[in-house]
Amino acid sequence: MAVLHHPPLPRRHRFHLDEHLPVDHKLSRVYRVGAGLIGLVLLAFGILGLLDKVGFFDTRGDTVAGLNTNGALSVLSIVVGTLLFLGMVRGGNFASSLNITLGGLFLLSGFVNLALLETGLNFLAFRIQNVLFSFVVGVLLLLFGMYGRVGSALPHDNPYWRQRHPEQAEREERARAESRGDALHRSASVHGGHL
């Protein structure tokens, strides 16, 4: 009986969302600013809601800063705001991934709570303005999180582009190194072999 040997499968490059970016990379600043600004808004809303001393699961809630709230929504806002501040402090891909994840959850929350309006299951005391706020915050967090990370026209020096196109990035790096070497060789020959 003959044993068939299959050729090895080509090695695929694994794609990780949490690859490390340099700490001072300009994209990290965008992720940090987005997380910090939205975290500050959520913390302020949550603290003001707790100061209003509305019942924890009171479905009628009370109005704070133009939005309806109750104790549960206030505590949830403080927790999410604190998470965003943690993302701001940590920065890098952690902040980006956190912004993307929470942005998606805010959008989902908007749809779920839209369906629960005017029902007895509206435990977070959402009103239509809360739903709209949830959609706006979700879109903003997604924009901040995906900035420079997703798109069809990312520059070739972008770390995410380089990660998704490792062979082409390697070819371009070799070409740059060769052109630097040629320029160095020409400069040396012009100066009589002295740099």
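## Notes on the helical core and its surroundings

1. A good place to start is Leu84. Leaving aside neighbours within four places in sequence, Leu84 is in contact with Ala35, Gly36, Ile38, Gly39, Leu42, Leu98, Asn99, Leu102 and Leu141. Please keep in mind as you read that this is a predicted model.

2. Leu84 also belongs to the largest nonpolar core, which has ten residues in all. Its fellow members are Ala35, Ile38, Leu42, Val80, Leu98, Leu102, Phe106, Val137 and Leu141. Four helices each give two or more residues to this core: α1 (26-51), α2 (71-90), α3 (92-116) and α4 (128-146). There is a second, separate core as well, with eight residues, among them Leu73, Leu117, Val131 and Phe135.

3. Stepping back to the overall layout, the protein has six helices and two strands. Read from the N terminus, the order of elements is α-β-β-α-α-α-α-α. Of the 195 residues in the protein, 34% are buried. If you take the contacts between residues at least 6 apart in sequence, 65% of them join residues at least 24 apart.

4. On to the surface. The protein exposes about 12,500 Å², and carbon and sulfur atoms supply 67% of that area. One nonpolar patch is formed by Leu50, Val75, Val79, Leu83 and Leu86, which together have about 380 Å² of accessible area. Helix α2 gives the patch its largest share, four residues.

5. Leu86 is one of the patch residues and lies in helix α2. Is Leu86 buried or partly exposed? Its relative accessibility is 45%, so Leu86 counts as partly exposed. Helix α2 therefore appears in both settings: it gives two or more residues to the largest core, and it supplies the largest share of the nonpolar patch.

6. Thr69 deserves a look of its own. This residue sits in strand β2 (residues 67-69) and counts as buried because its relative accessibility is 0%. What does the side chain of Thr69 make a polar contact with? The partner is the side chain of Ser74, at 3.1 Å. Asp52 is 17 residues away from Thr69 in sequence, and the two are 9.3 Å apart in space, C-alpha to C-alpha.

7. Next, Asn113, which is found in helix α3. Asn113 has a relative accessibility of 6%, under the 20% limit, so this residue counts as buried. Which residues is Asn113 in contact with, leaving aside neighbours within four places in sequence? They are Asn122, Phe126 and Val131. Val131 is also a member of the second core.

8. Finally, two backbone angles to check in the loop between α3 and α4, where both Glu118 and Ala125 are found. Glu118 is not a glycine, yet has a positive phi of about 60 degrees. Ala125 has a positive phi too, near 55 degrees, and is likewise a residue other than glycine. Their surroundings can be set side by side: Glu118 counts as exposed because its relative accessibility is 74%, whereas Ala125 counts as buried because its value is 0%.

Terms used:
Residues are numbered from 1 along each chain as its sequence is written. This is a predicted model: local features need pLDDT of at least 70, side-chain atom pairs count only at pLDDT 80 or more; totals for chains, interfaces and linings use all residues. Side-chain values use heavy atoms; hydrogens and water are left out. A nonpolar core is a set of buried Ala, Val, Leu, Ile, Met, Phe, Trp, Tyr and Cys residues joined through side-chain atoms within 4.5 Å. Buried means under 20% relative accessible area, exposed over 50%, partly exposed in between (1.4 Å probe, protein chains only). Contact means heavy atoms within 4.5 Å. A polar contact is a pair of N or O atoms within 3.5 Å; within protein, one must be able to donate a hydrogen and the other to accept it, and residues adjacent in sequence count only if both atoms are side-chain atoms. Patches are made of residues with over 30% relative accessible area and no salt bridge: like charges are joined within 9 Å, nonpolar side chains (Val, Leu, Ile, Met, Phe, Trp, Tyr) within 5 Å. Accessible areas come from the Shrake-Rupley method with a 1.4 Å probe; for residues, only the protein chains shown count as cover. A salt bridge is a side-chain nitrogen of Lys or Arg within 4 Å of a carboxyl oxygen of Asp or Glu.
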